[in-house]
Amino acid sequence: MRRRTNQSRGPSRRQLIENERLYGDIRLREGAVSVGLAYPNRYGVGMANLGYQTILHRIRSIPGVSAERVFQGDDEGPLKTFETQKPVGGLDALLFSVSFENDYVNLVRMLNQARIPLDREERDDRHPMIVVGGAITFLNPEPLRKYADLMLMGEGEEIVCEYIDRLQSDRGEARAERVRRAATIAGAYVPALHGAAGEVERRSYMAMKHDPALTRILTPYSEFSDTLLMEISRGCPRRCRFCTVGSAFPKFRMLPADKAVEIAERFRAEDVAAGRRPVNKVGLVTAAFFDHIESERMAEMLFARGFEIGASSVRVDQLTLPLLEYLRKSGLQALTIAPEAGTERLRKIIAKEATDEKIMAGVSKVAAAGFRSLRIYYMVGLPFETEHDRAGLVNEAMRIRSHFYNQISGSGRVTVSLHPFVPKPRTSFQWSAMRRPKDIKKIVLAIRKQLPGIRVKCPSHKDVYLEGILARGGEDLAPFLESVAAGSSWQAAARETNLPLEELIYSDRPGETAFPWEMEGKDRVDRVNWREFQRASDLNTTEVSQSS
Ligand code: SF4
């Protein structure tokens with residue numbers, strides 16, 4: 001008996017399509033070239049991804065191209081396109097937009113469901129070209145080397161159009177020739193011809209300042225069912241040593257406030273013209289809200305025009321009362337602050353320099369704005385973390401709780417999220433080890449015991465360690481990846497495929513390690529990261545002596 005699909009339990013494909021609102025010209029067109037834009041996860045997850053929507057819009061604006069969406073199904077296949085239910089195996093190209101390491105597993109599953117050989121060397125002229133792009137290409141796409149005919153490295157807005165042009169002009173050529181010609185595109189990484197991802201310069205898209213990523217299709221069946229998303233900045237001007245956004249992505253760019261308002265009004269006008277009730281909530285997507293020089297002005301202007309706003313990330317040491325009030329009045333129930341580490345000492349080491357005083361001042365503003373629910377986000381198992389820092393985390397969380405409860409009227413709620421540290425590629429901590437699951441369990445348990453009355457959450461270890469392995473490993477992870485895709489747990493897959501976990505994630509790496517994602521001869525990012533790692537190490541010595 002065939003398994004039922006998730007979609008058969010939820011809304012049908014037809015219901016999903018009928019309930020979508022389209023913004024701008026993003027209709028599916030007929031075209032001689034057939035492309036599938038695949039998101040290696042479910043419909044609702046893919047449709048909440050702004051990068052996916054942006055690339056879909058780009059490809060659909062190219063004449064002569066039929067670009068359908070493809071999402072992960074959970075029956076045995078064959079995998080079909082979302083709109084017209086064509087078997088994916090018959091398309092000219094299947095482009096995967098990959099934002100997270102853990103979705104590598106779904107990518108492998110989708111190739112299996114599509115009956116496309118996993119190994120690029122076993123494909124022939126009958127098979128679609130398998131192309132990988134997305135945020136992951138800034139980090140470490142090497143585990144996908146076996147599967148991808150081509151990877152489009154960096155920000156995809158322009159390079160994807162150049163590739164589709166190439167696909168159109170090379171139609172009818174033999175596969176090997178199409179692959180060879182694709183390699184001439186700047187930013188194209190062709191595993192059959194290049195030694196490693198680090199050989200290829202990643203592309204950036206500076207026009208984002210005028211042409212940001214926007215919601216193009218709104219659906220009630222995704223996380224942002226009532227919110228039109230607008231990217232107001234890309235990158236981050238800070239360099240927290242654990243974070244990829246500040247180090248790996250190109251320089252910080254901002255959308256002017258006037259342009260943001262113009263776009264929001266355009267969304268509204270489209271709804272009115274289509275006879276729909278306008279969606280009035282605008283989600284401002286940014287990694288660094290207050291580093292945008294016009295953030296407050298933008299929020300104020302939008303609010304004055306009757307828009308509700310959401311902001312994806314706000315730093316606790318930069319919070320302002322007016323912004324918090326806009327967020328509160330826009331329906332946000334709980335605010336998340338992210339000190340990341342529990343002592344000033346460790347925050348200096350990781351370069352997230354929020355002082356105790358600024359955190360408490362931020363908490364006061366959250367209470368004053370009328371929030372009753374506060375979430376505090378910390379990482380555990382950070383490089384250079386000591387028992388002193390973990391005790392500091394407990395003290396700080398208790399202090400924040402008392403401070404928050406003293407300032408709100410009525411009852412409230414404080415939640416602490418503890419996220420195990422994952423050493424990410426192209427950050428200053430890429431050389432650092434990950435703590436073993438049993439150590440993390442012990443740490444979380446001890447913290448939980450010392451925080452009575454506070455809800456303590458920790459993500460599933462499965463997701464965290466899978467991410468750690470896939471972030472750090474190379475092409476030789478393919479057997480591991482395929483074993484997980486076939487249903488093994490990460491531990492069983494690691495055992496079955498003799499993965500050297502000790503070396504891969506549980507040990508610090510020496511400074512001279514040549515990671516596959518590094519540019520040849522080390523680029524500026526790699527050099528800065530190494531210098532920053534040494535600074536962190538020096539701070540550890542000096543800050544320890546100060547705090548002891
Ligand atoms: S953690 Fe936030 S502030 Fe720090 S670099 Fe990353 S995005 Fe920027």
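The crossing of helices α10 and α11 is left-handed in this predicted model. Helix α10 covers residues 295-304 and helix α11 covers residues 321-329, and their axes come within 10 Å of each other while crossing at roughly 40°. That angle makes α10 oblique to α11, since an angle has to be under 35 degrees to count as roughly parallel and has to reach 65 degrees to count as roughly perpendicular. On the α10 side the contact is made by Glu296, Ala299 and Phe303, and on the α11 side by Pro322, Leu323 and Tyr326. Sorted by class, this contact holds 5 nonpolar residues and 1 charged residue, with no polar residue in it.

A second helix pair can be read in the same terms. Two packed helices are described by the angle between their axes and the distance between the axes. Helix α4, residues 50-60, packs against helix α6, residues 156-169, at an angle of about 35°, and the two axes lie 10 Å apart. Here the crossing, in which α4 passes α6, is right-handed. From α4 the residues Thr54, Ile55, Arg58 and Ile59 take part, and they meet Gly156, Glu157, Val160, Cys161 and Ile164 of α6. The residues of this contact divide into 5 nonpolar, 2 polar and 2 charged.

The third pair brings together helix α5, residues 103-113, and helix α17, residues 478-485, whose axes come within 9 Å and cross at roughly 75°. An angle of that value makes α5 roughly perpendicular to α17. The contact is made by Tyr104, Val105, Val108, Arg109 and Asn112 on α5, together with Leu481, Glu482, Val484 and Ala485 on α17. By class, the residues of the contact between α5 and α17 comprise 6 nonpolar, 1 polar and 2 charged.

From the helices we turn to the sheets. Strands of a sheet pair through backbone hydrogen bonds, either parallel or antiparallel. In this model, 4 strands form an open sheet in the order β14-β15-β16-β17, and their pairing is parallel. The strands β14 (334-340) and β17 (455-457) stand at the edges and have a single partner strand each, so one side of each is left without a neighbour in the sheet. On average, and with direction ignored, neighbouring strands of this sheet are turned by 25° against each other.

Within this sheet, the edge strand β14 runs parallel to β15 (residues 373-380), and 5 bridges join the two. Among the residues matched across this pairing, Thr336 has Arg375 of β15 as its bridge partner, while Glu340 stands opposite Tyr378, also in β15. Strand β15 in turn pairs in the parallel sense with β16 (residues 413-420), over 8 bridges. One of the positions that can be followed across this second pairing is Leu374, which stands opposite Val414 in β16.

Another open sheet is formed by 3 strands in the order β9-β12-β13, again with parallel pairing. Its edge strands are β9 (228-231) and β13 (308-311), each of which pairs on one side only. Neighbouring strands are turned by 25° against each other on average in this sheet, direction ignored. Strand β12 (residues 281-285) pairs with β13 in the parallel sense over 4 bridges, and across this pairing Leu284 stands opposite Ala311 of β13.

These elements belong to a protein whose secondary structure comes to 20 helices and 17 strands. The radius of gyration of the protein is 24 Å, close to the 24 Å that the globule rule gives for 548 residues, so the protein is as compact as a globular protein of that length. Along its principal axes, the C-alpha trace spans about 70 × 60 × 50 Å.

Notes:
Residues are numbered from 1 along each chain as its sequence is written. This is a predicted model: local features need pLDDT of at least 70, side-chain atom pairs count only at pLDDT 80 or more; totals for chains, interfaces and linings use all residues. Axes are lines fitted to C-alpha atoms, for helices over the stretch in contact, and angles run from 0 to 180 degrees between N-to-C directions. Angles under 35 degrees count as roughly parallel, over 145 as roughly antiparallel, 65 to 115 as roughly perpendicular and the rest as oblique. A crossing is left-handed if the near helix is turned anticlockwise from the far one by less than a right angle, and right-handed if clockwise. Two residues are in contact if their C-beta atoms, placed from the backbone, lie within 7 Å. Ala, Val, Leu, Ile, Met, Phe, Trp, Tyr, Cys and Pro count as nonpolar, Asp, Glu, Lys and Arg as charged, and the others, Gly among them, as polar. Two strands pair if DSSP finds at least two bridges between them. The radius of gyration is taken over C-alpha atoms; the globule rule is 2.2 Å times the number of residues to the power 0.38.
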